[in-house]
Structure formats: C-alpha cells, structure tokens
Amino acid sequence: GAFWIEGATFYAGAAGYAARFAEAEGSPPIGWVILGGVVIPAVALVATAAVPVLMRRWPSLRNEVMDGITLGAAAGGGFAAATTIVHFWPAILRDQNPGGSISDWTATLVGLIVVRPLIFAALTAILCAAIWQYAIDQRSAPLIRSVIVSVGGVIAFAVIDLLIQPAGAAAELIWQLVVLFGVSLAFRVAIRRALAQDRIAFGALGERVVCPSCRRLTPDGQFCANCGEPLHPARSTVTASATLPEQAEK
C-alpha cells in the first residue's frame, strides 16, 4: 500500500488481484514496477529454488533430474501458497470484507489457489531441473537457457500482471492463464529431458543390481539410486580409455 495502493483490504502486493482498489489508483508507478515486477520476483524465484538445491546434500536426491523437478515444483507451489496466505492475511486476522462482485471473487480465488501455484511450481521446477542436469553432465548451455526461461518468465509475468491489475481481476486471470499455457510447454520439455537423462543413468530395461558401495538393490545404470555412487567404475574407466586414442587422432 505504501508503494501503490493505499486503503486496499488485502495485501495486493503479495499476489496481485487488487481488483477495484487497483482500478481506483490507476497504473502503478515505475518504481513499484521495477521493485515489485522485476527485483522481488527474480529474487523470490532464486530463493525458492535454493531450498531444493540445499537438499542435494543427500545423495538419494541428487542422482535423478526428476528429483530436481519434483522438489522444485513443491517449493514453487509452497511459495505461491505462502503469498496467497499473506494476500488474505488482513481478512484472516481482522475479519475484513473487501466487497466485490461474484466475478471478481471467482477470478481471484481461481488465480490465487490454482493458476499462480501452477505457474510458480513449473518455473521453479524448470530452474531446478537445469541445475540437476548441469551437476550431472556439466553442460552450461542448457543451464543458461533454463535460467533465462525461468527468471525471464517470472519477470515478464510479474511486470505485465502489475500493469494489467487496474483492468480488473478477470483480465488478470486471463493473463495468468496465457502465462500458464506458455510455461506448461517449457515444463513439458524439461520433463522429457529429465526422463531421457534418467533412463541413461538408471537403465530402461528394469534390471536390478547390488550397489558395490552401499550394498543396496538399485536399478542397473551408471549410478546407484540410493547413494549416488558409480555402479560400474571399471566399465567407465575402460570406456574412457577406449575413447582417448580417437580423441587424439581428431
């Protein structure tokens, strides 16, 4: 409210959907667009992804790219849920009623409870999947592309969401549905890449072997699904030594 909307019943800065309060105030000032549309969303996304990355300290959570997608989606959805609670906090704490039409309430609830959590879950999952993938194959190009897609996506989403709020809750929901469609396409690509990498790492035929490090049963592949250690170090050494002469000739 101190930056843009004064007197709004809900904390619209947490999750948008200021509806008639934003309409009364008009377009947000450029300072709030920069802070609330660029700086805060980018920092929030990176901070949200940092939680799953910290969980990579456990070997069982670092050897599959799908681990990054699952943990990232959970963290992103949790962040969106937390901002929704902050948004409604005045009503929860002081039992304030902002009024509004049925259409405004419907758009607000659908956006805050369904659409925004899906957007943030997908964007955080895309970013975490790229970090997991980079930790495995050390390829920087896919990581850079995913960072641009996720961070750039959340900034574009937040900036236009701020600018469109004075048009009403229905217009804001339509914009978020458009963003969700675009993000879902990128999310499907991330899932396909994750599954392809995990098939390489753990095998696609369903065989099980005993890990030489932790002595637990695991799918036959490059790494143990339990401890993350290589399952066939001798095979990896032979493969690497066999490729050295070819590389020398090239």
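At a relative accessibility of 10%, P28 counts as buried, the term buried denoting under 20% relative accessible area, exposed over 50%, and partly exposed the range in between, as evaluated with a 1.4 Å probe and protein chains only. P28 lies in the loop between α2 and α3, where helices (H or I, at least four residues) and strands (E, at least two) are DSSP runs numbered from the N terminus. The structure is a predicted model, in which local features need pLDDT of at least 70 and side-chain atom pairs count only at pLDDT 80 or more, whereas totals for chains, interfaces and linings use all residues. Residues are numbered from 1 along each chain as its sequence is written, and side-chain values use heavy atoms, with hydrogens and water left out.

The loop that holds P28 also contains G26, placed between α2 (20-25) and α3 (30-54). With a relative accessible area of 22%, G26 is partly exposed. Both loop residues can be related to I5: the C-alpha atoms of P28 and I5 are 8.3 Å apart in space, although 23 residues separate them in sequence, and the C-alpha atoms of G26 and I5 are separated by 9.0 Å, with their positions 21 residues apart along the chain.

In the protein overall, the secondary structure comes to 8 helices and 2 strands, and the elements run from the N terminus in the order α-α-α-α-α-α-α-β-β-α. Of the 250 residues in the protein, 39% are buried.

Helix α4 (residues 65-94) includes T83, which is buried at a relative accessible area of 9%. The side chain of T83 reaches the backbone oxygen of A80 at 2.7 Å, within the limit for a polar contact, namely a pair of N or O atoms within 3.5 Å of which, within protein, one must be able to donate a hydrogen and the other to accept it, residues adjacent in sequence counting only if both atoms are side-chain atoms. I92 also lies in helix α4, but is exposed, with a relative accessible area of 52%. I92 belongs to a nonpolar surface patch of about 590 Å², made by Y11, I85, V86, W89, I92 and L93. Patches are made of residues with over 30% relative accessible area and no salt bridge, like charges being joined within 9 Å and nonpolar side chains (Val, Leu, Ile, Met, Phe, Trp, Tyr) within 5 Å; a salt bridge is a side-chain nitrogen of Lys or Arg within 4 Å of a carboxyl oxygen of Asp or Glu.

Helix α5 (residues 102-137) contains V114, and V115 is found in helix α5 as well. V114 is partly exposed, with a relative accessible area of 42%, whereas V115 counts as buried at 3% relative accessibility. The C-alpha atoms of V114 and G77 are separated by 9.7 Å, the two residues being 37 residues apart along the chain. For V115 and V179, which are 64 residues apart along the chain, the C-alpha separation is 9.3 Å.

A positive surface patch is formed by R139, R145, R188, R192 and R193, and helix α7 (residues 169-202) gives the most to this patch, with 3 residues. R145, by contrast, is placed in helix α6 (residues 140-164) and counts as partly exposed at 44% relative accessibility.

Technical notes. Accessible areas come from the Shrake-Rupley method with a 1.4 Å probe; for residues, only the protein chains shown count as cover. Lys and Arg count as positive and Asp and Glu as negative; His and the chain ends are not counted. The place of a charge is taken as NZ of Lys, CZ of Arg, CG of Asp or CD of Glu.
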